[in-house]
Structures are given as structure tokens and as C-alpha cells.
Amino acid sequence: MRKPFSIVLFMAVGIVPPAARAAEGEAKAEGPGRTVDDRLRALEEENRRMRERVAELERAAKQNEAAREKVAKLEDDASFFDQQIQKLLPIASKLGGYLDFGFFRATGTGAGIRSDIGHRHFPEWRGEVPQSWVFYGDPLSTMVNARGEPADTGESRALTFDSVDSGGKSSFAVNALNMQLFAAPREDLTLTASIDFVPRARDVSAPGDRALGDFIDVKLAYAEYLVPIERFELSLYAGKFDSVLGWEYRSREAPDRLGVTPSLLCRYTCGSPLGVKARGKFWDGAMILNVAVTNGSHGAETFPFHGEIDRNDWKTAAGRIAARAPLGAGLEVGLSGSIGAQDLQSAEDALHTHVGVDLHLDWRDFDVTAELMQGVVDGKAAPGEAPCSLAPCLRYRGGYVQAGYRVLNWLTPYARVDVRDALHRSGRSFVYVSQALRATAGVRMELGPHLLLKAEYNLNRELGRAPQFPNDVFTSSMLLKY
């Protein structure tokens, strides 16, 4: 019988393979009856099993090679898709915004003021200001959107830009198409901007039409630098940034606002001043400090006490200090104030001072905000002329309370009560006596991460000697975020 190659090899080198030693041991154990053929058959069987095992290992190696090729292909595909995502991520991080589309209906003429014809209600202004230029009410009480635009300005002499001009009729409106830009040249340096594209009407055939038509409102444009300090957080800002007064400015953008319209006091604190600002957080956010030096006040641009480019050398200094407590998602109480030369005039000694206190509580499903504030704008008069003739003066105080309750993840009804007491005069040109109360009830529906629906009714009431007149407003907003 032919001997297997492995047996011959082992014999040639004088080595007895393990299988042979085992077979030899078995033969010795079984005695002299065990033949050489039996031993060879046992060795051949062992050799066959060894060859089958080698074949199995070769097949496994081929399968592993195929698996490695598949893994390599998947890694190549993943790398390609990762490269495409990396190309798209900068675009996604830099562009955002929303469409704010709404419907509104204001009662009466749509204006929040009336003239005191005959000085019937405020006779103290007889001989000081012509009767048709003594107004009672609030020119911004009939706001229809998050921008704070009234349904109509009526006969107002202070608000000369009537951007909506509805005449008290119901209307659809694209309140704004907002675009937000964000860029991070470095980890500690960012650029932020927010721009409203506002479609409005303009009668080009009407002589002296003051409407702008479609216009662009650059709401924010600032750089932020995160100072590398380990003990606390410190950010420095330069440009046109958010206010540092009160709380409401944080929800100025329509998607961030609980309701549709701002409070009656937002005109004093919700603007975007130009200048420099520092913001620090201490003890893990338990204390927050904001300070700013700006061209002018922190008032909204819809109110005629705000100027971006200064006409005087004394800038406005403003600040807010706040404390946070771990109640629910957070209880924050803040105190803020500002002082500086009055906007839109050149005198250094005509001051605008403001002080306010605010509270915000996010607890379980409740969201509560309250603010109290007061301020004085000195104005300026030429010798021998009527008070406030060179620059208008203003005295104001008021407050609001707003509360929302999240009934469902997507449904939040809310209510707000505003009170404002103000006197605004410009020499013999006009005077506004505003003692107003506004009650708001509405609902907010969040239909997914990109779609919001809001609707509210604003009930306006005059306080003091002013008679009631129709100036309530129903308004709504559909917000599509992108």
C-alpha cells in the first residue's frame, strides 16, 4: 500500500507524528494481533481529517476576504456621505429664519388714539396745544404682529409712519420674512444677524405718500467674543445687539414670543441699540450681569424715541443684574436701568433715564413673566418757547403680567394684562395723554418643530378721564420656521 506523503516525510526526518505515536500506542495496547495495515489506515484517516480542516480554513479565509472588501466599500461610501454632510453643515448652521403670515381685524378705525375735540376731557391743555392735537389713548395699543405695528396710526403726529394703514378693516398680512445669519470664524468668535423683509403697500400715485412700501429692517448685526476665563463665563459684543433692559426683549422674534403681539411696555426695552456690551455669568449662572454703552436708548424703532446714529456725544449706559434660583426650570429676578442723552437731539443735558424690575418663572407647565418700569425723557425747550419745543418730553410708568399653561405638548393658552400711564409732549405740536389697560387672551399651537399657529384677542380700555372708544384687536399668526 502506498504511504501518504506526510508519513513518508515524518519517517525521513526521523520524527514520529502524533497520530502515528497514538496508533503505535494502540497497537502495543492491543497486542501482537494489530497489523501494519491497521496502523496505516488509522494514519490515513487522521490525514484526511487534517486535509478537510485545512480546506475549511481556506474557505473561511476567502469569506473573510470578501467581508473585508464589503467593509472597505461601506467605509468608502460612509466617507463620501460624510464629506457631503460636512459641505452642507456650514449652510445649515449659517442660514435660518421664518415666515410670519397673519390675519387681523381691528374695531373702529384701527387707531388707538382719538383727538380731544373742544378740550372736553383734558381742559388743562386749552391754550397750550390746539384741540385736535391733544390725543388720548395709546397709538401702539392696536398692534397686530410681533413687530409691534399698529393696525392704523390714525391722526397721530408722533407716529408718522403708518406701515399697515388698514383703516380698521380686516386683512391678511405677511408680517415679515425673517432671515437669520450665523457664522463662527473661530470657536470663540461668532457673527449673528437677523433681518426682516417686510412687504407693505405704497401708493406711488398719491402725492406726499409717506409709506415706504416694501422695506428691510436689520434687527441684529453683532460680533460676540467668548473670553477664555475658567472661573466664570464672559462674552463681549460689538454692533447692533439685543437690549439689556428687562426680560421681554428675549422673546422679540415672533417664534420665541408666547403670544402674537408685544406688551404695551415693550417699546421702551425691546429695541436693538448700537454700541458695545459685556455679559457675564457667575456661580454656574446663579448671577447674571449685563452692561452696555450705546448710541442711544434701548427702545423699539416703532416708537419715536430711538435713533441708531447718535446726534450727541454722551452715550447711554445701561445694565441689568439678575439672580437665578433652581425652582422648576428656573426663577429669575432682575433689576435694570439706563441713563444717557436723549435720542434724536444734540443737547448733552437732555437725559433719558429708565429703571425697571422683572421676574420670569418656568415651573412645571407654567410660564410666567412680570415687569414693572418707569422712565423720564427730559426734552428741551428754547428760551421763551413752550416746554419740550426743541425736543419732545415723555414720562411713563407701567407694568404687565403674562402667564401661559402648557395643557398639551403642542397647546398653550395664555393671558396677559398691561397697564401704561404716560404723558408725551412736543411743544405746541401735540400732547398724548395715555392711561390705558389692555387685556389679552390667546392660544399657541406648536404643530411640530417648524410650524406654529397663534391667535389672540386684545381688549383695550381707557383709564382716567378718557372716554371709551372702539379699538379692540383680533390678530393671528402662522409661523413657518426654516
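**Figure 1. Glu-149 and Arg-147, a buried charged pair.** Glu-149 and Arg-147 are both buried in this structure, which is a predicted model. The two side chains form a salt bridge, with 3.7 Å between the closest N and O atoms. If you follow the charges outward from here, salt bridges that share partners link Arg-147 and Glu-149 with Asp-196, Arg-200, Asp-217, Lys-219 and Glu-253 in one network. A search of the whole structure turns up 31 salt bridges, and two further examples are shown in the next figure.

**Figure 2. Two salt bridges that join separate parts of the chain.** Lys-240 pairs with Glu-308, and their closest N and O atoms are 2.4 Å apart. Because Lys-240 belongs to strand 7 and Glu-308 to the loop between strand 9 and strand 10, this pair ties together parts that are 68 residues apart in sequence. The two partners sit in unlike surroundings: Lys-240 counts as buried at 7% relative accessibility, whereas Glu-308 is partly exposed, with a relative accessible area of 28%. The second salt bridge is made by the side chains of Glu-446 and Arg-406, at 3.5 Å from N to O. Here Glu-446 lies in strand 16 (residues 430-446) and Arg-406 in the loop between strand 14 (393-405) and strand 15 (411-426), so the link spans 40 residues in sequence. Glu-446 is partly exposed at 25% relative accessible area, and Arg-406 is partly exposed at 30%.

**Figure 3. Glu-248 and its surroundings.** Look for Glu-248 in the loop between strand 7 (233-240) and helix 4 (266-269). Is this residue buried or exposed? Its relative accessibility is 5%, and since buried means under 20%, Glu-248 counts as buried. Setting aside neighbours within four places in sequence, Glu-248 is in contact with Arg-257, Pro-262, Ser-263, Cys-266, Cys-270, Glu-371 and Tyr-400. Two of these contacts, Cys-266 and Cys-270, form a disulfide with each other, and that link is the starting point of the next figure.

**Figure 4. The disulfides of the chain.** Searching the whole structure gives two disulfides. In one of them, the sulfur atoms of Cys-266 and Cys-270 are 2.0 Å apart. Which hand does this link have? The torsion about its S-S bond is about -120°, so the disulfide is left-handed. Both Cys-266 and Cys-270 are buried. The other disulfide joins Cys-388 to Cys-393, with an S to S distance of 1.4 Å in the model. With 85° about the S-S bond, the link of Cys-388 and Cys-393 is right-handed, and these two cysteines are buried as well. Counting the bonded cysteines along the chain, the disulfides follow the pattern 1-2, 3-4.

**Figure 5. Strands 9, 10 and 11 side by side.** Strand 9 (residues 287-294) runs antiparallel to strand 10 (residues 316-325), and eight bridges pair them. You can find your place here with Met-287, whose bridge partner in strand 10 is Ala-323. Strand 10 also pairs with strand 11 (residues 330-341), again in the antiparallel sense, over nine bridges. Arg-324 has Glu-332 of strand 11 as its bridge partner. Four residues lie between the strands in the hairpin of strand 10 and strand 11, where Gly-328 takes a positive phi near 65°.

**Figure 6. A nonpolar patch on the surface.** Leu-289, Val-291, Ile-321, Val-333, Leu-335, Val-355, Val-357, Leu-359 and Leu-372 make a nonpolar surface patch of about 680 Å². Which strands supply at least two residues each? They are strand 9, strand 11 and strand 12 (351-363). Strand 12 gives the largest share, three residues. Val-357 is found in strand 12 and is partly exposed, with a relative accessible area of 36%. As a general guide to such views, side chains in a regular strand alternate between the two faces of the sheet.

**Figure 7. Thr-160 and Pro-304.** Thr-160 is found in the loop between strand 3 (134-137) and strand 4 (171-186). At 44% relative accessible area, Thr-160 is partly exposed. Thr-160 and Pro-304 are 144 residues apart along the chain, yet their C-alpha atoms are separated by 9.1 Å.

How values were computed: Residues are numbered from 1 along each chain as its sequence is written. This is a predicted model: local features need pLDDT of at least 70, side-chain atom pairs count only at pLDDT 80 or more; totals for chains, interfaces and linings use all residues. Side-chain values use heavy atoms; hydrogens and water are left out. Buried means under 20% relative accessible area, exposed over 50%, partly exposed in between (1.4 Å probe, protein chains only). Contact means heavy atoms within 4.5 Å. Two strands pair if DSSP finds at least two bridges between them. A disulfide is a pair of cysteine sulfur atoms within 2.5 Å. Patches are made of residues with over 30% relative accessible area and no salt bridge: like charges are joined within 9 Å, nonpolar side chains (Val, Leu, Ile, Met, Phe, Trp, Tyr) within 5 Å. Accessible areas come from the Shrake-Rupley method with a 1.4 Å probe; for residues, only the protein chains shown count as cover. A salt bridge is a side-chain nitrogen of Lys or Arg within 4 Å of a carboxyl oxygen of Asp or Glu.
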